[in-house]
Amino acid sequence: MHRILIADDDMIVRMYLRDVIRWESYGFTVVGTARDGEEALEMVHREQPDVLLTDISMPRMNGIELIHQLREEEYDGVINVLSCHDDFELVKSAMQQGADDYLLKNYLSDTTMEEILDRLREQIQARNCKSDQRDEIKKLARKGIDVIRRELLESILRGELTPETREQRLKQAKLHGAYRKLAAVMLQPSEADWEQRNELLALCTQRLESEAADILMLHENTMVLLIDLGDTPSMAQCMETIRRLEQMLGRLAEQYLNLELSMAASAVCEGENAIADALRQANETLQNRFYGAGQWQYGPESRMTQEIPAPAERFRAELVEMLRDGKEDRIRNRYAEALDAMREARVYAGTVLSWLRQCDHIAGIRRTENQYSAMTRFTDYLGCAEEYIVHSRTSRLHAVPQNISATMRTAVTFLQEHFHEPIGLNDIARQAGLSPAYFSTLFKQEMGMGFSEYLLSLRLERVCAGLRTTEQTIKQISEEAGFADYSYFCRIFKKNLGLSPAAYRKKTEN
C-alpha cells in the first residue's frame, strides 16, 4: 500500500478525499489529514508518506512554504498540489519549489481516480529511482575514490560482478580505459611504511596520467596496474608497453623513495572476463614474492606448485627419530635440504605453512595463530630447525635417563635447580664427591652429552622462555639465567639458535 497524506483547510475537501474515494481498491491508504501547513509538516515527519496532496492557500503555513520546507529537508515523497483553475501562478510557484504535479479539485471523482492514481504510481516509482541514485552518489562520495576502486578489484577477484554491474562499477571508479583488452600488473614495494606507500601511489598516478592505464591500491601493501591495450594492435607491441610501464614505475620507486618493487604481470587478456582473468593471473604470479623480490610474467616459468618435494617429505617422516636420538646435525642438514627443495620447486606459501604445522606437531612445538600468520616470507622459516633442536634438548634435559647412577642423578638434579648460579665443573664434581676429570667422563657416558653442553642448554632454555613470556630486557633475562658476560651470551645464543636474542623474541611474539 502506498501511503498518502492530505493537507487542505477545507474540511469538506478533506472528508471527501479521505472517506469517499476508495483508495484501498487502488493500492493506496490515507495515513492522515492536516488542516494547515504546520500540521502537515509535523505529520510528514511522523508518518513519512509516499504522497502528499496539499492545497496551496492554507493558514499558518501555506502550501508553497510547506513544499519549500520539505524539499529543503530532502523529503523524497511525491508532492501533488490541489488547485483550482484560477490559481495558475500559485501552481507555478509550487512547481518551482519542488512539487511534482498538480491536481484540479473539480476533476477529482471516483470515475477519474484510476487515471489519477496510475499517474501517482509512476511518480512514486520515478521518485524512488531518483532517491536510490542520490543515495548511491552520497554513499560513493563518503567512501572516496580509493575505497571504491579497491572494492571494485576485490569484487572482480571474487567473481561477484555480472558484466552489466562491472561496467557500472568501472564508471563509478572513474578509470581511464574500457579494459576489454588489457594486462594487469600487481606491485609490492619492499619494506615500505604507510606514508611511503601513499607517496608511491601518488607518484605513479601522476606519471600515468598520459597513459592508457590506471594504478589502484588493492591491499595494504599491494597495488594493481591496469594497462588498457585495446588500441595496441600486435602482441609484440602489447608486451613492449607492459615492460615500458613496469620499468617506469620501478624507476620511480627506486629514485624517489629508495624502494624495490616486486612486479607480477598477467598475460594479455581479452573478452567478457578480461579484467577478472588478468587480475587472477597477476595475483597467482605474485605468489612468487614469497621467495623474495623480483619480476615475473605469467606463464609456465612462473607457475608454483602445491606438491611437497621428496626431501621435505623425508624430513617430516624422519623428524621423530632424529629428535629422539638427538641427531642435531642431521636435523639441520635434512631441514636445509627440505627448504632448498621447496624453494627450487616454488611451492606455494600456504603449502609450506601447512608442512611446517605438521612438523611442529611432531616436534611438540606450539605456535600461536598470529605467529603462523606472520610467516609471510620464505626467510621466516630458516630458523625453525634450531627451534626443534632447542626443544629436543629441553625435553632430554628434563628427562633424566632411568639407568644412570644415583650419584649422577643427584648431580643432575642439583644442576637443574642451580644452573642459574655461577657454577662450574669443580663445584658440581665436589657436590658429587668425585674428581673433576672423572665426573666429566662419567657425566658424558651416562647423560649422552658433556657437562658444559648440558649446563649451557639449561641456561639457554631459561633465556628462550623469558624472551617468549616476559617483557624483561634481554640483558636481565640472560643474567638471571646464569650468563655473567652479556657479549659472550649474545654470541653463544646466535651460534646455537641461528638468530640473535632480539630476532628470536620478535619471531616468537604473539
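## Helix H11

H11 bends by about 50 degrees at Glu-318. This model is predicted. The helix covers residues 310-325, 16 residues in total. From first C-alpha to last, H11 reaches 22 Å, close to the 22 Å expected at 1.5 Å a residue.

Glu-318, where the bend falls, is also one of the buried residues of H11. The others listed as buried are Ala-312, Phe-315, Arg-316, Leu-319, Met-322 and Leu-323. Gly-326 follows the helix. Its phi is positive, near 70 degrees.

## Strands S4 and S5

S4 spans residues 78-83. It pairs with S5 in the parallel sense, over 4 bridges. In one of these contacts, Ser-83 has Leu-104 of S5 as its bridge partner.

S5 runs over residues 101-104, and its side chains alternate. Asp-101 and Leu-103 point to one face and are buried. Tyr-102 and Leu-104 point to the other face and are not buried. Leu-104 thus combines two roles in this description: bridge partner of Ser-83 and a side chain on the face that is not buried.

## Cysteines

The disulfide count is 0, with a cut-off of 2.5 Å between cysteine sulfur atoms. Cys-238 is in no disulfide. Its nearest cysteine sulfur belongs to Cys-269, 11 Å away. Cys-238 is buried, with a relative accessible area of 1%.

Cys-359 is in no disulfide either. The nearest cysteine sulfur is that of Cys-384, at 9.1 Å. Cys-359 has 0% relative accessibility, so it counts as buried.

Definitions and conventions
Residues are numbered from 1 along each chain as its sequence is written. This is a predicted model: local features need pLDDT of at least 70, side-chain atom pairs count only at pLDDT 80 or more; totals for chains, interfaces and linings use all residues. Side-chain values use heavy atoms; hydrogens and water are left out. The expected span of a helix is 1.5 Å times one less than its number of residues. The bend at a residue is the angle between axes fitted to the seven residues ending there and the seven starting there. Buried means under 20% relative accessible area, exposed over 50%, partly exposed in between (1.4 Å probe, protein chains only). Two strands pair if DSSP finds at least two bridges between them.
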